[in-house]
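Got your viewer open? Let's take a short walk through this one, a stop at a time.

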Amino acid sequence: MNNPTSPAAAERGLELPMLDLLPLDLSAYRQGNTGIDYCHRFESGRSGPDVVIIGLTHGNEFCGAHALCELLEQDIRPLRGSLTLIFNNVAAYQRFDPKQPYASRCVDEDGNRVWLAPRLKHPNSEETHRAARLVPLLQEADLVLDLHSTSNPVAPMLIYPELPDCSALVATLGFPFPQLLYKLGTYHPGMLISYAMQHGRRGCHGLVAECGAHFALESAQQAHAITRRVLYRAGLLEQDALIPPWGYEPDHSAGHYRIREVIEARTEQFRFSHPFRGFERIARGDVFAQDDGPLVAPFDNCTLIMPARIPLCGVEAVTLAEFLG
Ligand SMILES: [Zn+2]
């Protein structure tokens, strides 16, 4: 669904990445205590925020699974409030094939675009069925951290709505990498964190953490580091909790960006004008791709975010964000 060219077909002829980070066996975590497979919830019995940590919203983004397994293996329990751990798209994860490492991103469709009330009311794909099952857990959340990774080896980043509460929370994390702000209700319709903020508890905060490249060992370390920081700042961990170092060193891409536009490929001829990896900054009027005509930067300090490895007609090819400093 919404998948004009199959990922497997699109993989052909492309160089395979190094697969340093591999899937873990999750069978021990299938049966949780929520009545929903691969979901675990721990109550402290004390008042405090309900924090939800999610991995595998995209099935081939293993860093989140590693971070969740680490919390479960360490028997981390919340000091206050509650902690819910969700392995999201395990069905896609279990289809991982090292020869087609990008193909197991989803089963039927992008699991981070299906969080729309009408879709969840009438689920008709693996991802909408799974999302509909998870709704009760998200509706009780005060804070949702959704762990992802990127196709290209670029700096880790946080993506969150441009709201004072979210910015205030992020400011406590000491996050030294890029931060991408979007207007809630715009950007990608159907994002999980947007759904939690719009349909869940009043005042719910949502963060997407992109933790580096999909199959890099450092991405697991980064997922681990951001998860611990969020839990610590939410008051779920002890004051003397060990906070692990980040997975990466900050680079020139650090700073704040405002997401302005998502470019979809309109034709199969879509080609970027350079082999962009992400965070390249261009000036207004600069050509960055050819589609059914040249595509130019519509504003200054225009930054290319997560350019698609293989632009497909009708699918997001790149996000344009304004560098704010
Ligand atoms: Zn993702």
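Which residues does Asn112 touch, not counting residues up to four places away in sequence? Before you check, keep in mind that this is a predicted model. Now select Asn112 and show its surroundings: Thr57, His58, Asp146, His148, Gly190, Met191 and Leu192 are the residues it touches.

Stay with Asn112 for a moment. Trace the backbone on either side and you'll see that Asn112 sits in the loop between helix H3 (90–93) and helix H4 (117–121). Is Asn112 buried or exposed? Its relative accessible area is 5%, and because buried means under 20%, Asn112 counts as buried. Next, add Leu192 and look for its backbone nitrogen: the side chain of Asn112 reaches that atom at 2.9 Å.

Now zoom out and colour by domain. Select 5–233 for domain 1 and 258–323 for domain 2. How far apart are the centres of domain 1 and domain 2? Taken over C-alpha atoms, they lie 25 Å from each other. Look at where the two domains meet, too: 22 residues on the domain 1 side are in contact with 16 residues of domain 2.

Last stop: the second largest pocket, with a volume of about 340 Å³. To find its centre, select Pro17, Tyr102, Ser151, Asn152 and Arg309, which are the closest to it among the 15 lining residues. Then try colouring the lining by residue type. You should get nine nonpolar residues, three polar ones and three charged ones.

Conventions
Residues are numbered from 1 along each chain as its sequence is written. This is a predicted model: local features need pLDDT of at least 70, side-chain atom pairs count only at pLDDT 80 or more; totals for chains, interfaces and linings use all residues. Side-chain values use heavy atoms; hydrogens and water are left out. On a 1 Å grid over the protein atoms alone, a cavity is a set of points where a 1.4 Å probe fits but cannot get out, and a pocket is an open set with protein on both sides within 12 Å along at least five of seven lines; lining residues have an atom within 4 Å of a point. Grid points are joined across faces, edges and corners, and a volume is the space filled by probe spheres set on the points. Ala, Val, Leu, Ile, Met, Phe, Trp, Tyr, Cys and Pro count as nonpolar, Asp, Glu, Lys and Arg as charged, and the others, Gly among them, as polar. Helices (H or I, at least four residues) and strands (E, at least two) are DSSP runs, numbered from the N terminus. Buried means under 20% relative accessible area, exposed over 50%, partly exposed in between (1.4 Å probe, protein chains only). A polar contact is a pair of N or O atoms within 3.5 Å; within protein, one must be able to donate a hydrogen and the other to accept it, and residues adjacent in sequence count only if both atoms are side-chain atoms. Contact means heavy atoms within 4.5 Å. Domain bounds come from an automatic or database domain assignment.
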